[in-house]
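Got your viewer open? Let's take a walk through this one, a stop at a time.

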Amino acid sequence: MPKGVSRAKKLTLVPTDLLERLMRISNREGKTLYSFMSEILEQALRVYESRHTLQEVVNFFEIMETQKASGAVITPVDVLTYLIGEVYPSGKEVLCERWYESGQWYGKYLLDRFHNQNQVEALGNLLAVTRWDLNEVLVEEESEVVKVRCVSPLLPLQNTELLVRFVEGVMDSLGYKVKNEDFMRGIVLLEFEKT
Amino acid sequence: MLAAREDLVNKVLKIAGRKNVKLYGMINETLELVIRADEMGLSLEEVVDQYGIMKAARDAGFVPVVESLMYDIVEKVLQRNKRWVTKKWYEAGQWYGKYYSVRLPQDPVKAFRDDICSFTWNVSEFSIMENEDKAEVMVRCVSPRFPLSYTTLFSVFLEGALNTFGYDCVNRGVSKGIIRLRFRKAEAE
């Protein structure tokens with residue numbers, strides 16, 4: 001569009017409280033409310049046009065920030081599988097113990113980071129968002145019993161077992177003990193009850 | 001009432017119609033998320049960009065792993081079978097070299113650099129710099145958290161990728177948490 005030619009504007013209804021908060025942000029950023037609003041809509045359209053929702057994007061980002069803050073490293077999945085496969089046959093017990101301890105640490109971290117939210121739900125979101133090697137993740141809480149189900153046809157047995165130990169470690173820190181444990185290559189079915 | 005660009009509002013209106021929600025609800029949801037992002041210290045654009053980066057990681061076959069577990073297992077494997085595990089990391093680097101060569105054939109080094117720089121959030125300094133005529137590439141990585149074992153394997157991974165892009169390593173400096181590699185364009189045979 002040539003300079004000096006203004007685009008057509010449209011008025012939209014916005015609750016006063018939201019408007020006030022947006023004005024504060026746009027002032028801080030040194031932008032007019034109009035240009036700030038245009039930027040927001042452009043970004044929103046970018047997301048919606050890629051068939052996602054902004055809710056998904058922001059939730060995903062929040063979870064990834066949790067991962068980063070808790071000390072995660074991004075690794076090629078094949079390399080991880082090779083490494084586990086190499087150590088597992090002779091060091092299964094040590095590996096399981098390390099994964100369990102790491103889960104316990106993670107559980108404590110969730111308690112702190114999501115202290116005013118449902119931590120079991122946070123665990124479900126974390127697994128669903130960050131363990132993208134899993135095809136299905138379900139973490140359900142019902143009257144003090146938590147059910148965890150993870151499915152991934154490509155997950156080797158050793159990785160599956162380590163996932164089980166990790167989740168059990170997390171749940172231990174959240175105050176749950178194992179009620180039922182069932183897993184095989186690529187399938188995890190766990191039930192926990194409040195201690 | 002808030003004024004916004006008509007063309008953008010019309011597009012949002014179209015999406016709202018497709019999703020069977022009201023424009024008012026959709027705009028408000030968007031604005032609430034902008035405020036939530038702001039509370040995390042970010043703009044909506046940054047959040048959307050970060051989402052794209054992590055999606056790229058997922059598409060390229062990377063997964064997040066607890067850092068201490070990764071270092072622990074790398075240490076164990078390296079002690080047992082250094083040659084084998086080094087070969088595996090080199091091959092993984094080659095695989096990613098091929099992947100980025102297919103993803104952005106006109107500039108695979110750039111595609112690789114952009115992604116790896118974004119994925120290595122636990123690294124304090126990371127750069128892959130090509131000189132003007134692209135005859136040389138300098139790789140520099142500094143991370144006080146990396147143990148020597150992981151630093152070694154990560155350097156081999158980078159070497160595998162750069163070799164696939166047609167560069168040979170002519171100078172290598174690897175010590176705990178520090179990688180300095182210099183590559184030169186391989187002579188055509």
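Start in chain B and select helix 5 (residues 82-103): E91(B) and K88(B) sit there three residues apart, so about one helical turn separates them. Show both side chains and you'll find a salt bridge, 3.8 Å from N to O. One thing to keep in mind as you click around: this is a predicted model.

Now turn on a surface. Which of the two partners is buried, E91(B) or K88(B)? K88(B) counts as buried, at 16% relative accessibility, while E91(B) is partly exposed with a relative accessible area of 30%.

**Next stop: two loops in chain B**

Stay in chain B and select K134(B) and D107(B). They form a salt bridge as well, with the closest N and O atoms 3.5 Å apart. This pair links distant parts of the chain, 27 residues apart: K134(B) is in the loop between strand 3 (125-130) and strand 4 (136-142), and D107(B) is in the loop between helix 5 and helix 6 (108-119). K134(B) counts as partly exposed, at 35% relative accessibility, whereas D107(B) counts as buried at 17%.

**Where the chains meet**

Select strand 2 of chain A (residues 72-76) along with strand 2 of chain B (residues 62-66). The two run antiparallel and are joined by five bridges. To get your bearings, pick A72(A) and look across: V66(B) stands opposite.

How many of the residues in strand 2 of chain A are buried? Five of its five, so to speak of it as mostly covered is fair under the cut-off of under 20% relative accessible area. Color the side chains by direction and you'll see A72(A), I74(A) and P76(A) pointing one way, with V73(A) and T75(A) pointing the other.

For another spot that involves both chains, select R28(A), E29(A), K31(A), E39(A) and D38(B), which are linked in a network of salt bridges.

**On to the sheet in chain A**

Hide chain B for now and show strands 3, 4, 5 and 6 of chain A. These four strands form an open sheet in the order 3-4-6-5, with antiparallel pairing. Strand 3 (136-142) and strand 5 (176-184) stand at the edges with a single partner strand each, so one side of each has no neighbour in the sheet. Tilt the view to follow the twist, which averages 10° from one strand to the next.

Zoom in on strand 4 (residues 145-151) and strand 6 (residues 187-194) of chain A. Seven bridges join this antiparallel pair. Click C150(A), and its bridge partner in strand 6 is V188(A).

Then bring the helices back. Helix 5 of chain A (residues 119-130) packs on the sheet and touches strand 3, strand 4 and strand 5, with its direction at about 175° to that of strand 3. Helix 6 of chain A (residues 157-173) lies across strand 4, strand 5 and strand 6, and runs at about 170° to strand 5.

**Last stop: a tie between helices**

Helix 6 of chain A has one more thing to show. Select E161(A) and K92(A): they form a salt bridge, their closest N and O atoms 3.7 Å apart. K92(A) lies in helix 4 (residues 77-113) and E161(A) in helix 6, so the pair ties together parts of chain A that are 69 residues apart in sequence. With the surface on, K92(A) is partly exposed, at 37% relative accessible area, but E161(A) counts as buried at 8%.

Want to keep hunting? Over all chains, the structure holds 33 salt bridges.

Note on methods
Residues are numbered from 1 along each chain as its sequence is written. Chains are lettered from A and ligands numbered from 1 in the order in which they are written. This is a predicted model: local features need pLDDT of at least 70, side-chain atom pairs count only at pLDDT 80 or more; totals for chains, interfaces and linings use all residues. Side-chain values use heavy atoms; hydrogens and water are left out. Buried means under 20% relative accessible area, exposed over 50%, partly exposed in between (1.4 Å probe, protein chains only). Two strands pair if DSSP finds at least two bridges between them. Axes are lines fitted to C-alpha atoms, for helices over the stretch in contact, and angles run from 0 to 180 degrees between N-to-C directions. Contact means heavy atoms within 4.5 Å. A salt bridge is a side-chain nitrogen of Lys or Arg within 4 Å of a carboxyl oxygen of Asp or Glu.
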